[in-house]
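Could you take me around this model, stop by stop, in the viewer? Please tell me what to select at each step and what I will find there.

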Amino acid sequence: MMKNNENYATKGQITVFLGGTCNESTWREELMPMLDRRVDAFNPVVDDWNEAAQANEDRHKINDDFCLYVLTPEMAGLYSIFEVADDSNKRPDRTVCCFLKAHGGREFDAGTWRGIEKMKRDLVRNGAVVCEDLEGVAAFLNQEAAAIQ
């Protein structure tokens, strides 16, 4: 796999930006232990969201091998939906998405979930990878990491 910036990523690893639901969601902490040591995951969540943190996030979105967006019913805003749709159009071969129907004691209602099912089909049609759960995300990323050796 060719990286956009070889100096940015650690040789022998793939890099992945962990985008998606913030709002104190624990999905990142649940996913990271499932990832192979050859998967270098960048968690953009910081205590102080400032210009430097935004610039660092933007660098990762541009340079990481994959941009992962996990969207959960804990979402407080809609920007992550835009991000995954935008990336699936601009960089579909680097876009991975997972919608969790229930997480953090919340659940998407039936009408919202029908819309999400349509979004998932459209994301796949754009060329993005859509996983059904965090285990599927880990399996995909671990498989990609194993393939670089």
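Start by selecting β1 and β3, which pair in the parallel sense through five bridges. Keep in mind throughout that this is a predicted model. Within the pairing, put a label on F17 of β1 and look across to C67 in β3, which stands opposite. On the other flank, add β2: four bridges join β1 to β2, and these two also run parallel. Here V16 is the residue to click, with A41 of β2 opposite.

Stay on β1 and colour the strand by accessibility. Buried or exposed: what are the residues of β1? Seven of the seven are buried, so β1 is largely enclosed by the rest of the structure. Turn the strand edge-on to sort the side chains: I14, V16, L18 and G20 point one way, while T15, F17 and G19 point the other way.

**The whole sheet**

Now widen the selection to the five strands of the open sheet, ordered β2-β1-β3-β4-β7 with parallel pairing. Which strands stand at the edges? They are β2 (39-42) and β7 (129-131); each has a single partner strand, so one side of each is left without a neighbour in the sheet. Look along the sheet and you can follow its twist, which averages 25° from one strand to the next.

Next, pick β4, residues 95-99. Towards β3, this strand pairs in the parallel sense over five bridges, and C67 stands opposite T95 of β4. Towards β7, three bridges make the join, again with the strands running parallel. Show C98 as sticks and you will find C131 of β7 opposite. β4 is mostly covered, with five of its five residues buried. T95, C97 and F99 point one way from the strand, and V96 and C98 the other way.

**Helices on the sheet**

Bring in α3, residues 79-90. This helix packs on the sheet and touches β1, β3 and β4, and its direction makes about 145° with that of β3. Then add α4, residues 110-126, which lies across β4 and β7 and runs at about 160° to β4.

**Aromatic rings**

Switch on the rings of the aromatic side chains. How many aromatic pairs are there? The count comes to five. Go back to F17 and select Y69 with it: the two rings are edge-to-face, with 6.2 Å centre to centre and 65° between the planes. F17 belongs to strand β1 (residues 14-20) and Y69 to strand β3 (residues 66-71), so this pair ties together parts that are 52 residues apart in sequence. F17 and Y69 are both buried. Add F42 to the selection, and you have a cluster of F17, F42 and Y69 linked by ring pairs.

For another ring pair, move to α3 and select Y79 and F82. This one is tilted, at 5.6 Å centre to centre and 40° between the planes. Why are these two separated by about one helical turn? The reason is that they are three residues apart in helix α3. Colour them by accessibility as well: Y79 counts as exposed, because its relative accessibility is 52%, whereas F82, at 45%, counts as partly exposed.

**The largest pocket**

Show a surface and find the largest pocket, which holds about 310 Å³ of space. Which of its 18 lining residues are closest to its centre? Select G20, T21, C22, S80 and E83 to see them. The elements that give two or more residues to this lining are β1 and α3.

**Last stop: P73**

Finish in the loop between β3 and α3, where P73 is found. P73 counts as buried because its relative accessibility is 13%, and the cut-off for buried is under 20%. Expand the selection to the contacts of P73, leaving aside neighbours within four places in sequence: you should pick up L100, K101, A102, H103, R106, E107 and F108. Then put a distance label between the C-alpha atoms of P73 and S25; these residues are 48 apart along the chain, and the label should read 9.5 Å.

Definitions and conventions:
Residues are numbered from 1 along each chain as its sequence is written. This is a predicted model: local features need pLDDT of at least 70, side-chain atom pairs count only at pLDDT 80 or more; totals for chains, interfaces and linings use all residues. Side-chain values use heavy atoms; hydrogens and water are left out. Rings of Phe, Tyr and Trp (its six-membered ring) pair if their centres lie within 6.5 Å; planes under 30 degrees apart count as stacked, over 60 as edge-to-face and the rest as tilted. Buried means under 20% relative accessible area, exposed over 50%, partly exposed in between (1.4 Å probe, protein chains only). Two strands pair if DSSP finds at least two bridges between them. Axes are lines fitted to C-alpha atoms, for helices over the stretch in contact, and angles run from 0 to 180 degrees between N-to-C directions. Contact means heavy atoms within 4.5 Å. On a 1 Å grid over the protein atoms alone, a cavity is a set of points where a 1.4 Å probe fits but cannot get out, and a pocket is an open set with protein on both sides within 12 Å along at least five of seven lines; lining residues have an atom within 4 Å of a point. Grid points are joined across faces, edges and corners, and a volume is the space filled by probe spheres set on the points.
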